[in-house]
Amino acid sequence: MNVLGLLSAGGRWRCFPFLLESSLFQTLRNSCCRKKTTAPKKIIPHVDFSEENTKESGKALDKLFSSEQQASILHVLNTASNKELEAFRLLRGRKSINIVEHREKFGPFQNLESLMNVPLFRYKTTLKVCKSILSPETGGKKKKLPENQLLRKLIKPEVGRERLKAVNSIVSIVSGTRRIAWAHLDRKLAVLDWQQNECCQLMKGTYPSSVYLEEISSVISKMPKADFYVLEKTGPSVQNSSLFPVLLHFHIVEAMLYALLNKTFAQDGQHQVLSMNRNAVGKHFELMIGDTRTSGKEIVKQLLSESVLKEEPRVFFPPDKIVRYRQLFSSTEQYRAEELYDSLLQAVAFYELAVFNTES
């Protein structure tokens with residue numbers, strides 16, 4: 001270790017008496033602990049090339065478009081109102097306001113270069129805006145969504161489009177704390193079967209698996225066969241501990257339905273049971289108030305009336321059963337069959353959102 005290292009060992013100066021007065025110590029100390037100079041620094045003048053670069057960029061911008069294209073872009077910039085400019089995605093907000101204000105103050109734009117004098121418009125932004133004006137649908141970079149993203153938000157697990165196109169009939173199932181309802185519809189939206197089954201024992205006492213197996217198996221035995229079985233995906237927030245028994249009930253019923261209805265899954269790996277987003281169905285029928293879904297009773301009553309009054313109704317109900325259905329829904333609020341209403345609406349939404357929208 002050199003002398004300097006010995007003096008500074010451990011990160012601190014060690015004071016050796018015999019060196020304090022020595023010239024060697026002073027020399028080392030002065031070389032390591034120089035005071036900062038108070039002399040003013042030389043200021044190097046800054047040359048601003050921004051104006052020159054802007055002019056060069058503007059000239060390059062004009063060369064990228066033909067005279068006809070430039071005329072079209074300038075016509076929009078010089079005649080469109082603030083709201084009309086906001087129709088272009090890249091001109092929303094302050095940019096459209098700045099264009100109108102600049103136009104009113106300095107007159108119409110004479111060339112594309114002059115657009116770069118508007119606040120918030122640099123070369124790259126101006127180039128994208130010009131392209132978006134020429135091609136409103138393709139101008140600018142739009143985030144491409146995956147082909148099946150909408151379906152992924154609507155139904156789970158994911159299934160192929162070909163299977164959805166080939167659907168002939170589905171059974172839509174909605175379970176509550178006291179009953180399970182289902183609606184069997186074909187691809188013409190004709191109601192083939194629509195009923196519910198009371199399951200009062202499931203929410204009583206402890207929650208034995210054997211009781212669930214017996215109850216759910218009994219309900220499934222009454223359901224018709226279909227290409228898909230569509231379950232409503234719902235449940236209270238797990239953050240509310242008082243609702244944990246209800247949440248547990250919904251998960252057990254869902255698991256039982258998945259296991260018992262997916263009879264061929266072990267052989268072919270194809271899902272026959274799907275879960276459908278409850279709020280997506282509510283939005284489809286305009287039943288949402290904020291994050292809360294309201295009753296679908298009135299929508300169902302309207303569908304029943306249209307089946308009789310219209311030549312081509314949205315949903316077709318069998319004439320021999322429509323009277324019974326009407327009597328059921330003319331009851332008072334003492335008998336609210338929400339699961340029954342929701343099972344029908346879910347089936348209609350499944351066809352209209354997931355099946356018919358995939359057809360080309």
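**Exercise 1.** In this predicted model, find which residue of β4 stands opposite Leu185, and describe how β3 and β4 pair.

Solution.
Step 1. Opposite Leu185 is Val191, a residue of β4.
Step 2. Strand β3 covers residues 179-186, and its pairing with β4 is antiparallel, over seven bridges.
Step 3. In general, the strands of a sheet pair through backbone hydrogen bonds, in a parallel or an antiparallel way.

**Exercise 2.** Give the order of the strands in the open sheet and name the edge strands.

Solution.
Step 1. The sheet has six strands, ordered β1-β6-β5-β2-β3-β4, with mixed pairing.
Step 2. β1 (155-156) and β4 (191-198) are the edge strands, since each of them pairs on one side only.

**Exercise 3.** State which strands α17 touches and at what angle its direction lies to that of β2; then place Leu340.

Solution.
Step 1. Helix α17 packs on the sheet and touches β1, β2, β3, β4, β5 and β6; the directions of α17 and β2 make about 140 degrees.
Step 2. Leu340 lies in α17, which spans residues 338-355.
Step 3. The relative accessible area of Leu340 is 3%; buried means under 20%, so Leu340 is buried.
Step 4. Leu340 and Ala183 are 157 residues apart in sequence, yet their C-alpha atoms are 7.8 Å apart in space.

**Exercise 4.** Is Glu232 buried or exposed, and which residues is Glu232 in contact with, leaving aside neighbours within four places in sequence?

Solution.
Step 1. Glu232 belongs to strand β5.
Step 2. Its relative accessible area is 13%, so Glu232 is buried.
Step 3. Beyond those neighbours, Glu232 is in contact with Ile173, Val174, Met276, Arg278, Arg293, Asp342 and Gln346.
Step 4. With Arg278 there is a polar contact between side chains, at 2.7 Å.

Terms used. Residues numbered from 1 in each chain as written. Predicted model: local features only at pLDDT ≥ 70, side-chain atom pairs only at ≥ 80, totals over all residues. Heavy atoms only, no water. Helix = DSSP H or I, 4+ residues; strand = E, 2+ residues; numbered from the N terminus. Buried < 20%, exposed > 50% of the residue type's maximum accessible area, 1.4 Å probe, protein only. Pairing = 2+ DSSP bridges. Contact = heavy atoms within 4.5 Å. Axes fitted to C-alpha atoms, helices over the stretch in contact; angles between N-to-C directions. Polar contact = N/O pair within 3.5 Å; in protein donor to acceptor, adjacent residues only side chain to side chain.
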